[in-house]
Amino acid sequence: MMTEAQKQQMAEAVARIRAAMAEAARRAGRDPGEVALCAACKTRTVEEVRYSAGLPIDLFGENHVQELVEKTDAGAYHGKPGHFIGHLQTNKVNKVVGRAALIQSVDSVRLLDKIEAAAARLGMVQEILIEINIGAEESKSGVGPEDLWPLLDAAAAKEHLRVRGLMAIPPADADETATRRFFAAMRELLAKAAARGYERAQMDVLSMGMSHDYAAAIEEGATIVRVGTAIYGARDYSKKA
Ligand SMILES: *Cc1c(COP(=O)(O)O)cnc(C)c1O
């Protein structure tokens, strides 16, 4: 059970983040209304997510299919959208398509094909982002910037998919200057993708920036920031599988 003190702490944290988001947008000459706050709520309980959904958070991001299923089925998001932001295994696609308003982490043709098939079965159009491995890290998911174009061509040709933009997680060990350069590279990549003029894609979403760097991400063009720790506190992985 959450205590009143924990609730107040969370409400204050979200208020602080929204203020910092608005400031960052203004510094960059952007409208604060252009940037959505995604609460990255992996490992958080239904109760925590339900409480946070009453705060000025725009949407929720899940890394694990089981948590997306549990929290959407419990109505924990208060009707706000849930996005999938983690590595998606092809055998779990059926549980995510239709449940996630946006799948942010698409990084292979195989995954595209599975999502297209699941969306076709449901007779719907699934919105997706392509995840870019902007730091070219070996251990990370996402496609390298140079591999974006064939994947984007394939995605834009699918009848039941709509590409909305790009997502990235810069290397965790990059310093502030390097991180900012990765964010700027993402903005340029999105602009290039938009300039290709795909009829069926709408390249207007850039998902980047987390607890420690969301302000820089907004200054560099993010339209969604994904914030976990700064809202909910440090994650305790011992409590959950
Ligand atoms: C956990 C997670 C976040 C949030 O990270 P914090 O540092 O806790 O803000 C953002 N994006 C993805 C993909 C994540 O897995």
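Welcome! Select the residues around the ligand to begin: by class, this shell has 5 nonpolar, 4 polar and 3 charged residues. Keep in mind as you look around that the model is predicted.

Next, show the members of the shell by name. The ligand is surrounded by A40, K42, N63, I85, I169, M210, S211, R226, V227, G228, T229 and R235. Colour them by class if you like, and you will see the nonpolar group of 5 beside the 4 polar and 3 charged residues.

Now pick out three of these side chains, one at a time. Start with K42: an N or O atom of the K42 side chain is 2.7 Å from an oxygen atom of the ligand. Move on to N63, where a polar side-chain atom lies 2.7 Å from a ligand oxygen. Then select R235, whose side chain places an N or O atom 2.8 Å from an oxygen atom of the ligand. How much of the ligand does the protein bury? On its own the ligand exposes 390 Å², and the protein buries 90% of that area.

Switch on a surface view for the next stop. The space that the ligand takes up is the largest pocket.

Finally, leave the ligand and go to helix α1, which covers residues 4-27. Select E23 and R27 there: their side chains meet in a salt bridge, with 3.9 Å from N to O. Why are these two separated by about one helical turn? Because R27 and E23 are 4 residues apart in helix α1. This pair is one of 16 salt bridges in the count, so there are others to look for, taking a nitrogen of Lys or Arg within 4 Å of a carboxyl oxygen of Asp or Glu as your guide.

Definitions and conventions
Residues are numbered from 1 along each chain as its sequence is written. This is a predicted model: local features need pLDDT of at least 70, side-chain atom pairs count only at pLDDT 80 or more; totals for chains, interfaces and linings use all residues. Side-chain values use heavy atoms; hydrogens and water are left out. A residue is near a molecule or strand if one of its heavy atoms lies within 4 Å of it. A polar contact is a pair of N or O atoms within 3.5 Å; within protein, one must be able to donate a hydrogen and the other to accept it, and residues adjacent in sequence count only if both atoms are side-chain atoms. Accessible areas come from the Shrake-Rupley method with a 1.4 Å probe; for residues, only the protein chains shown count as cover. On a 1 Å grid over the protein atoms alone, a cavity is a set of points where a 1.4 Å probe fits but cannot get out, and a pocket is an open set with protein on both sides within 12 Å along at least five of seven lines; lining residues have an atom within 4 Å of a point. A molecule sits in a cavity or pocket if more than half of its atoms lie within 2 Å of its grid points. Ala, Val, Leu, Ile, Met, Phe, Trp, Tyr, Cys and Pro count as nonpolar, Asp, Glu, Lys and Arg as charged, and the others, Gly among them, as polar.
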